[in-house]
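Visitor: Please choose one part of the structure and take me through it closely, residue by residue where that helps. I would rather have one connected account than a list of separate remarks.

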Amino acid sequence: MHLSRRALLAAATATASLGPPTAAATGRLRTGFERLAADGYALLSGRRVGIVTNPTGITRDVRHVVDVMHADPRVRLTAVFGPEHGFRGTAQAGGSEGRYDDPATGLPVYDTYLKSGRPLADVFTASGVDTVVFDIQDAGARFYTYIWTLYDCMEAAQLAGKRFVVLDRPNPVTGRAALGPVLHKEFATFVGRQPIAQAHGMTVAELARLFNGEFLTAPVPLETVLMTGWRRTDFYDASGLPWVPPSPNMPTPDTALVYSGTCMFEGTNLSEGRGTTRPFELLGAEGVDGRWAAAANGLGLPGVRFREAYFAPMFSKFQGKTVGGVQIHVHDRAAYDPVRTGIGLLVTARKVWDGFAWRSDDWIDKLTGSTRVRTMIDAGAGTDEVTGAWQEELAAFRRTRKEYLLYK
């Protein structure tokens, strides 16, 4: 198997600490944290540990891993680092909790949101830790910011001379395939730092290995604690784990299933369903009627149907107004392609509603990773033409991705 120079360098500095799953690893899924704890935290012995986590960092019996580790004398947990929405999850989108002492444990909580590079390295240095642990549930999409918190923290840990440990959790929408366009570097933002596919089809431990091998200027000393009992074809409900919303508008695994496609509507003047009980499954705007659902159903997209729907968002776009649109109903998860579906919905929305517009800041370009989706749809391209345009770059990413996969 061919490995890039960076992949070889990363392999020399990274270990799968508790070993990859084997054919004998059967039974219920065990997360990276469960395996770390079962091993008596041996990997963290003698270390001053800080953890990057949020409300999703829980045990099977819904205790937070910070509370569990803080109460266990075998691990010296001395700091917590909170991402967007905060460690305990009190902040909405685009917010964080700031610096404070956690009332439950007394531990200092440091804010990582919108920090990267040397400023974030300085946070790690000021905390006094020598090992940074990452344990956050991802949603499987390039523009879900926690994977870039992972990237930024890895980069900062390398700059600060810290060891980095990733505790793995399932990709809730499977790890079967990478889908969608690949980010072009000139469009890099916090919703996409590096050129990966829009639906990456990887776990956070696999992404950490990819980041270390392909994108970091210098690799961080990386260790990964893998899951056992997880297969690439598993959706989240197969895990038997409780679902905690990773962010306020990701309430269920069903949300994650559609998110890598319908989040593109953040780049339009239509509501992406924020402020409703089904964000990213409900889409609409004032003046939209049943023609949109009919047009979307007419595409014959696999695994999904669209229902004419009306709703009144409690916040965000069209707050308090009744709007028309569609609700997405996925009836065959294995056949469903969320990114292709999202493109089909954008194409048909523009055709049936004369009020359609992109956000004035061209946010769609940041979400999709280039100008291509916006300009092709504006030029009248159909779903097949738009999705066909990124296949070459997607194939190249899939080849690179394959080098870093850890599960069958």
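**From Thr268 to helices α7 and α5**

Guide: Leaving aside neighbours within four places in sequence, Thr268 is in contact with Lys317, Leu346, Phe356, Ala357, Trp358 and Arg359. The model is a predicted one, and what follows should be read with that in mind. Thr268 belongs to the loop that joins α7 (253–262) to β11 (282–285), and with a relative accessibility of 0% this residue counts as buried, the limit being under 20%. Its side chain also makes a polar contact within that part of the chain, reaching the backbone oxygen of Phe265 at 2.9 Å.

Going back along the chain from this loop brings us to α7 itself, a helix that is mostly covered, since 8 of its 10 residues are buried. The buried stretch consists of Thr255, Ala256, Leu257, Val258, Tyr259, Ser260, Gly261 and Thr262, and the elements that cover these residues include β9 (197–199), β11, β13 (323–330) and α9 (338–352). At the start of the helix, a side-chain oxygen of Thr252 comes to within 3.1 Å of the backbone nitrogen of Asp254.

Within α7, Tyr259 deserves a slower look; it is buried, with a relative accessible area of 6%. Its ring pairs edge-to-face with that of Phe143, at 5.5 Å centre to centre and with 80 degrees between the planes. Because Phe143 lies in the loop between β6 (131–135) and α5 while Tyr259 is in helix α7, this pair ties together parts of the chain that are 116 residues apart in sequence. Tyr259 also forms an edge-to-face pair with Tyr144, at 5.4 Å centre to centre and again with 80 degrees between the planes. Here too distant parts of the chain are linked, as Tyr144 sits in the loop between β6 and α5, 115 residues from Tyr259. Phe143 is buried, and Tyr144 is buried as well, with a relative accessible area of 5%. One aromatic cluster takes in Phe143, Tyr144, Tyr146, Tyr259 and Phe280.

Tyr146 leads us on to α5, where it is among the buried residues, along with others including Trp148, Leu150, Cys153, Met154 and Ala157. In total, 12 of the 15 residues of α5 are buried, so the helix is largely enclosed by the rest of the structure. Those buried residues are covered by elements that include β2 (48–53), α4 (117–127), β6, β7 (163–167), α6 (204–215) and β10 (222–225). As for geometry, a rise of 1.5 Å a residue gives an expected span of 21 Å for the helix, and the end C-alpha atoms of α5 are 20 Å apart, which agrees. After the helix comes Gly161, whose phi is positive, near 70 degrees.

The surroundings of α5 can also be described through the largest nonpolar core, which has 106 residues and in which Leu150 and Phe164 touch the most other members. Helix α5 (residues 146–160) supplies the largest share of this core, 10 residues. Phe164, beyond its neighbours within four places in sequence, is in contact with Leu150, Cys153, Met154 and Ala157, and also with Val132, Phe134, Val220, Pro221, Leu222 and Glu223. Apart from this core lies another, of 21 residues, whose members include Leu36, Val68, Val80 and Val225.

How values were computed. Residues are numbered from 1 along each chain as its sequence is written. Side-chain values use heavy atoms; hydrogens and water are left out. A nonpolar core is a set of buried Ala, Val, Leu, Ile, Met, Phe, Trp, Tyr and Cys residues joined through side-chain atoms within 4.5 Å. Buried means under 20% relative accessible area, exposed over 50%, partly exposed in between (1.4 Å probe, protein chains only). Helices (H or I, at least four residues) and strands (E, at least two) are DSSP runs, numbered from the N terminus. Contact means heavy atoms within 4.5 Å. A polar contact is a pair of N or O atoms within 3.5 Å; within protein, one must be able to donate a hydrogen and the other to accept it, and residues adjacent in sequence count only if both atoms are side-chain atoms. Rings of Phe, Tyr and Trp (its six-membered ring) pair if their centres lie within 6.5 Å; planes under 30 degrees apart count as stacked, over 60 as edge-to-face and the rest as tilted. The expected span of a helix is 1.5 Å times one less than its number of residues.
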